[in-house]
Amino acid sequence: MPATAQTVAALRKAVRAKKSAEDRVEAARAALAVAMADAMRNGLKQSEVVEITGYNREHVRRLVGKGEDERAAKNSAES
């Protein structure tokens, strides 16, 4: 049974929606990493970040490192 134009269009729409959702998740993760790095820079303890986010200490450490990298890249681009 050949696919109809409507079926193909629906599939393409679903693929675009998935890609868009993935992009939003990535942006949210980057924003969270920067927010965690800012919080720790402003005196919040890693254990408090762990408690608030529900992440383990290692995951917080990795994300905070990414947040620092994001900030450095942003500051470099603005200079």
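User: Which element has the lowest mean pLDDT, and which the highest?
Analyst: α3 has the lowest mean pLDDT, 86, and α2 the highest, 97. pLDDT is the predictor's confidence in each residue, from 0 to 100. Helices are DSSP runs of H or I with at least four residues, strands runs of E with at least two, numbered from the N terminus. This is a predicted model, where local features need pLDDT of at least 70 and side-chain atom pairs 80 or more, while totals for chains, interfaces and linings use all residues. Residues are numbered from 1 along each chain, and side-chain values use heavy atoms, without hydrogens and water.

User: What is the mean pLDDT of the protein?
Analyst: The mean is 92, and 99% of residues reach 70 or more.

User: What is in the largest nonpolar core?
Analyst: Eight residues: Ala33, Met36, Ala37, Val49, Val50, Val60, Leu63 and Val64. α1 (5–41), α2 (46–53) and α3 (57–78) each give two or more of them. Such a core joins buried Ala, Val, Leu, Ile, Met, Phe, Trp, Tyr and Cys residues through side-chain atoms within 4.5 Å. Buried is under 20% relative accessible area, exposed over 50%, partly exposed in between (1.4 Å probe, protein chains only).

User: Which residues of α1 are buried?
Analyst: Ala33, Met36 and Ala37. They pack against α2 and α3.

User: What does leucine 63 contact?
Analyst: Leaving aside neighbours within four places in sequence, leucine 63 contacts Ala33, Met36 and Tyr55. Contact means heavy atoms within 4.5 Å.

User: Anything just after α1?
Analyst: Glycine 43 takes a positive phi of about 105° there.
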